[in-house]
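I opened the model to look at its cavities, its nucleic acid contacts and one loop residue. My notes follow in the order of the look-ups.

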Protein chains: 2
Amino acid sequence: MGVTIKDIAKHAGVSYSTVSKALRDSPLVKKPTKIKIMKIAEELGYQPNVAARSLVQKKSYTIGVVWPSVERIAPSILITKINDLLEEKSYTTLLSINKVESAIATFNRFQVDAILVFGENKSVLSDSSIQTTVPILYYGLKENSTYPTIDVNRRKAIKLAVNYLQEIGHKKIAFIGDLSDVDPLQKEKAIGFFEAMNVKQASELPDLVIPTNGLEVHDGYHAAKTLLSNNTDITAIISGSYDLTRGILRATSELALYVPKDLSIISYDNIPQSDNLEVTLSTVGVPVTRIAKQINEALLSIIEGNDIQDSIILDPELNIANSCAPFGWYD
Amino acid sequence: MGVTIKDIAKHAGVSYSTVSKALRDSPLVKKPTKIKIMKIAEELGYQPNVAARSLVQKKSYTIGVVWPSVERIAPSILITKINDLLEEKSYTTLLSINKVESAIATFNRFQVDAILVFGENKSVLSDSSIQTTVPILYYGLKENSTYPTIDVNRRKAIKLAVNYLQEIGHKKIAFIGDLSDVDPLQKEKAIGFFEAMNVKQASELPDLVIPTNGLEVHDGYHAAKTLLSNNTDITAIISGSYDLTRGILRATSELALYVPKDLSIISYDNIPQSDNLEVTLSTVGVPVTRIAKQINEALLSIIEGNDIQDSIILDPELNIANSCAPFGWYD
DNA sequence: TTGTAAGCGTTATCAC
DNA sequence: GTGATAACGCTTACAA
């Protein structure tokens, strides 16, 4: 089995409490002793036993992340970022891909210091079904939950985009995105578009709203093909995601349409762009780094026992770049 | 803080050791007492403390999964399956997205019962850099590791496909896949193709090997477009992944080529197909369910302390369906 | 500056 | 059948 502080104590010829202090870098231990002990610990390949430590400290320096759908690529970048941030504060993140209730139960048994839940179909889940003594933070749509929640204002993001395009003179603005009911996060974006266009639903803008059945590149490609073959007078497109936008750009280049000369594009996006597309994209959204930072702070705060705001809705930002030009600019 | 067995003991008016036995459903406790205790535990929302239990039992009923690249969608289905299988045996899986070394260190501190590592750029990693007392199982390419490894024979899979197509008379067989050096798993597939075609490298089959720079749908789409516009005499394609195949099918339908009349397709694939494509695909590969089952068994086995085979390479299977027809069948 | 001892929540081994 | 009690590996007063 594993090496314990008692083993180290024997080797070093000191008591095991001294070892404990030395390893925790306590000022109560003389430098030379400390160094000697550290060295022996290293040699023996000592790994502190979390179980024992968290038993006495009632703290495990661990954050449990509930991530029911490993399949989804979107939040994975966010998780990675959060993980890095927490690591700096010497916290470890552990993920569970189980159903929310059982994941929370597991993390309670493990006495993690806080739980971060990536909400998805939270609709099914009511707070009453959750048993926890560990503080919980949600990321995603705030619905029937009383737990603190951090979310991105997707609706406002799309509105920002529409308004900007209108300001620079565009009249025929289209939206390409996922309108299916299954994903409330996507739906928010569509609602933002409707609101900005002063309509109630997609049917009032038959030619301008192109629903996709997913968020992949080819969904965007085909939506754009449909849109642009039928409607030659569209001058601007708002895209629901980065991948959709990549598809849209593919379509425009095949149709020999030039961005932004023939068409302005603003893409919803949280992720920093790595690909080098033909144009630098204009985007709206909250950058992952900011989301991660907020979540990180909130997490550390609730661990300290501080109450945080019930609900933090992050404001999106508009970043205008080459893919966008005023209407008529090239005439 | 959490409810402990002592709290339950007080409420039930018994000693806490009786509570412990009752909760573990020991035959040493009378039925009525047991029921009473269970009920109180339920009411109080008791959650057993893993730290305390694993401290005395030296077992946490937990498997640590090292998954450095949350970004990749491919193995996520596999992880979900493994998770389900282990749950049946009342094991919990916890994932870490940290670097392999530190993830392993973390899991050692948590005293998990076994560690499953999803190997990727294992190249960098030598066994000597790993400190562990917990048994480790690798999934992925076996390279310089002495730990037991489970892997899929991708090379053989593609060979099977080539041989089958040759048997049914195809001469001009093309391969669409990712040849970049970064992903050794993909490279294996290409090597399988080369070997089956009796060549050493791609350059010997200039028109038949179409490298993609990824495994997404649109990569397949564009590769197929390139391939089929230049080479009208190709009669069969082997695709390196399911998504690539979807793209290929999109391309063929745009080019008014009919599968399998004008073109036979066999797709590498581990994942059970959910989409309903125009044709039912012929596939080669090891189904995820089988991979998951093997990993599950191996894991349980090494937990018991049984040595398992150093290396288990799973044999792919060929499933021929509508997307494949003998050469000349429709003439 | 170092050692001793109590206690964290649980299981397991005894006695009763 | 049930109840004390030791032990798991560690941290932390407190004693030396």
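How much space lies in the largest cavity? I read off about 80 Å³. I was working on a predicted model throughout. My search of the whole structure returned three cavities of 30 Å³ or more.

**Largest cavity**

I listed the lining next. From chain A come Val50(A), Ala51(A), Ser54(A), Ser60(A), Arg109(A) and Phe110(A). From chain B come Val50(B), Ala51(B), Ser54(B), Ser60(B), Arg109(B) and Phe110(B). Helix 4 of chain A and helix 4 of chain B each supply at least two of these lining residues. I sorted the lining by class and got six nonpolar, four polar and two charged residues.

**Second largest cavity**

I found a volume of about 50 Å³ here. Chain A lines this cavity with Val217(A), His218(A), Tyr221(A), His222(A) and Arg250(A). Chain B adds His218(B), Tyr221(B) and Arg250(B). Two elements give two or more residues to this lining: helix 9 (217-230) of chain A and helix 9 (217-230) of chain B. Helix 9 of chain A gives the most, with four residues. By class I have three nonpolar, three polar and two charged.

**DNA strand D**

Which residues come nearest to DNA strand D? I noted Ile5(A), Ser20(A), Tyr46(A), Thr18(B) and Lys21(B), out of 27 residues around the strand. Of the strand's atoms that come within 4 Å of the protein, 62% belong to sugar and phosphate.

I then checked individual phosphate contacts. A side-chain N or O atom of Ser20(A) sits 2.8 Å from a phosphate oxygen of DNA strand D. For Ser15(B), a backbone N or O atom is 3.0 Å from a phosphate oxygen of this strand. For Asn49(A), a polar backbone atom is 3.5 Å from a phosphate oxygen of DNA strand D. Helix 2 (16-23) and helix 4 (50-57), in chain A and again in chain B, are the elements that give two or more residues to the surface near this strand. I counted that surface by class as 12 nonpolar, nine polar and six charged.

**Asp207(A)**

I located Asp207(A) in the loop between helix 8 (184-196) and strand 7 (209-212) of chain A. Is Asp207(A) buried, exposed or partly exposed? I logged partly exposed, because its relative accessibility is 40% and that class runs between 20% and 50%. Leaving aside neighbours within four places in sequence, I found Asp207(A) in contact with Leu227(A) and Asn231(A). I also took the C-alpha separation from Asp207(A) to Thr226(A), 19 residues apart along the chain, and got 10.0 Å.

Definitions and conventions:
Residues are numbered from 1 along each chain as its sequence is written. Chains are lettered from A and ligands numbered from 1 in the order in which they are written. This is a predicted model: local features need pLDDT of at least 70, side-chain atom pairs count only at pLDDT 80 or more; totals for chains, interfaces and linings use all residues. Side-chain values use heavy atoms; hydrogens and water are left out. A residue is near a molecule or strand if one of its heavy atoms lies within 4 Å of it. A polar contact is a pair of N or O atoms within 3.5 Å; within protein, one must be able to donate a hydrogen and the other to accept it, and residues adjacent in sequence count only if both atoms are side-chain atoms. Ala, Val, Leu, Ile, Met, Phe, Trp, Tyr, Cys and Pro count as nonpolar, Asp, Glu, Lys and Arg as charged, and the others, Gly among them, as polar. Buried means under 20% relative accessible area, exposed over 50%, partly exposed in between (1.4 Å probe, protein chains only). Contact means heavy atoms within 4.5 Å. On a 1 Å grid over the protein atoms alone, a cavity is a set of points where a 1.4 Å probe fits but cannot get out, and a pocket is an open set with protein on both sides within 12 Å along at least five of seven lines; lining residues have an atom within 4 Å of a point. Grid points are joined across faces, edges and corners, and a volume is the space filled by probe spheres set on the points.
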